[in-house]
Amino acid sequence: MPYLIVAVALVGVLCLLNLLLTVGVIRRMRKQAASAASLPHMEEGLAIGEKIPQFAATTTDGEPISDELIEGPSLIGFFSPSCQPCRELMPRFIDHARRTPAAVLAVVVTDSAEEAVADVERLAEVARVVVEAPHAAIQNAFQVAGYPTVFEIGADGRVTDNNPVLPATVSA
């Protein structure tokens with residue numbers, strides 16, 4: 001009989017601990033959901049036909065660049081050194097940039113300048129390159145939420161293609 005009482009008490013304690021852990025997990029999930037809801041919502045990027053928004057930045061060469069300085073057709077790509085799809089797309093982007101008469105801007109998004117060195121060297125051969133932190137000016141202007149993202153801008157300063165992989169005009 002004493003073993004039965006101990007066993008019942010032990011099961012009761014385990015059930016109480018399980019209940020406390022479950023309540024803790026639910027509270028944590030509610031807290032995370034509330035903090036995620038307070039973050040600013042970023043769209044998938046500018047839609048076709050939208051005009052380039054105002055932005056200003058400085059390239060890795062120290063050249064100022066802004067929406068006003070991008071004239072005519074342009075190719076604008078956003079890459080992150082830590083993203084595998086960016087590594088897969090970058091050679092195609094560079095190849096396309098070599099063949100296009102359009103101005104090319106590449107934005108490397110990273111928290112660490114050292115992490116961006118290799119990508120900047122590769123992209124600087126064909127593009128003006130800007131390195132900026134996540135959620136910085138150019139990304140916010142173009143409403144970029146994921147990487148890689150590529151925009152093709154027409155002569156009128158409007159987005160003509162916003163395929164997140166590469167614009168449709170790129171041949172394989």
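This note goes through the predicted model point by point, from the annotated N-terminal segment to the sheet, the cysteines, the charged pairs and the backbone geometry.

1. N-terminal segment. An unreviewed UniProt entry places a "transmembrane region" at residues 6-26. In the model, this stretch is 100% helix and 0% strand. The C-alpha atoms at its two ends lie 30 Å apart. The label comes from the record, and such annotations may be inferred rather than shown by experiment. Cys-15 has a relative accessibility of 47% and therefore counts as partly exposed, since exposed would require over 50%.

2. The sheet. Five strands form an open sheet in the order E5-E4-E3-E6-E7, and the pairing is mixed. E5 and strand E7 (159-161) stand at the edges; each has a single partner strand, so one side of each has no neighbour in the sheet. On average, neighbouring strands are turned by 25° against each other, direction ignored.

3. The E3-E4 pair. Strand E3 (residues 74-79) and strand E4 (residues 103-109) run parallel and are joined by six bridges. One residue pair can be named here: Ile-76 has Leu-105 in E4 as its bridge partner. As background, strands of a sheet pair through backbone hydrogen bonds, either parallel or antiparallel.

4. Helix H2 on the sheet. H2 lies across E3, E4 and strand E6 (149-153). The helix runs at about 160° to E3. H2 covers residues 84-99, and residues of this helix appear again in the points on the salt bridges below.

5. The disulfide. How many disulfides does a search of the whole structure find? The search finds one. Cys-83 and Cys-86 form it, with their sulfur atoms 2.3 Å apart. The link is right-handed, with 100° about the S-S bond. Both Cys-83 and Cys-86 are buried.

6. Salt bridges, overall. The structure holds three salt bridges. In general, side chains of opposite charge can pair when their charged atoms come close. The next three points take the pairs one at a time.

7. Arg-99 and Asp-95. The side chains of Arg-99 and Asp-95 meet in a salt bridge at 3.2 Å, N to O. Both residues are in helix H2, and because they are four residues apart, about one helical turn separates them. Arg-99 is partly exposed at 45% relative accessibility, and Asp-95 is partly exposed at 37%.

8. Glu-125 and Arg-98. A salt bridge with an N to O distance of 2.8 Å joins the side chains of Glu-125 and Arg-98. Glu-125 lies in the loop between helix H3 (113-124) and E5, whereas Arg-98 is in helix H2, so the pair ties together parts that are 27 residues apart in sequence. Glu-125 is exposed, with a relative accessible area of 57%. Arg-98 also counts as exposed, at 52% relative accessibility.

9. Arg-128 and Glu-63. Which parts of the chain does this pair link? The side chains of Arg-128 and Glu-63 meet in a salt bridge at 3.3 Å, N to O. Arg-128 is in strand E5 (residues 128-132), and Glu-63 is in the loop between strand E1 (56-58) and strand E2 (64-66). The two are 65 residues apart, and the pair links distant parts of the chain. Arg-128 is partly exposed, with a relative accessible area of 23%. Glu-63 is partly exposed as well, with 32%. E5, which holds Arg-128, is one of the edge strands of the sheet.

10. A cis peptide bond. Tyr-147 and Pro-148 are joined by a cis peptide bond, with omega about -5°. Pro-148 is found in the loop between helix H4 (137-142) and E6.

11. Positive phi at His-135. Phi of His-135 is near 65°, a positive value in a residue other than glycine. His-135 is found in the loop between E5 and H4. At 55% relative accessibility, His-135 counts as exposed because the cut-off for exposed is over 50%.

12. Positive phi at Gln-143. Gln-143 is not a glycine, yet it has a positive phi of about 60°. Gln-143 lies in the loop between H4 and E6, the loop where Pro-148 is also found. Gln-143 is partly exposed, with a relative accessible area of 26%.

Technical notes
Residues are numbered from 1 along each chain as its sequence is written. This is a predicted model: local features need pLDDT of at least 70, side-chain atom pairs count only at pLDDT 80 or more; totals for chains, interfaces and linings use all residues. Side-chain values use heavy atoms; hydrogens and water are left out. A salt bridge is a side-chain nitrogen of Lys or Arg within 4 Å of a carboxyl oxygen of Asp or Glu. Buried means under 20% relative accessible area, exposed over 50%, partly exposed in between (1.4 Å probe, protein chains only). Two strands pair if DSSP finds at least two bridges between them. Axes are lines fitted to C-alpha atoms, for helices over the stretch in contact, and angles run from 0 to 180 degrees between N-to-C directions. Contact means heavy atoms within 4.5 Å. A disulfide is a pair of cysteine sulfur atoms within 2.5 Å.
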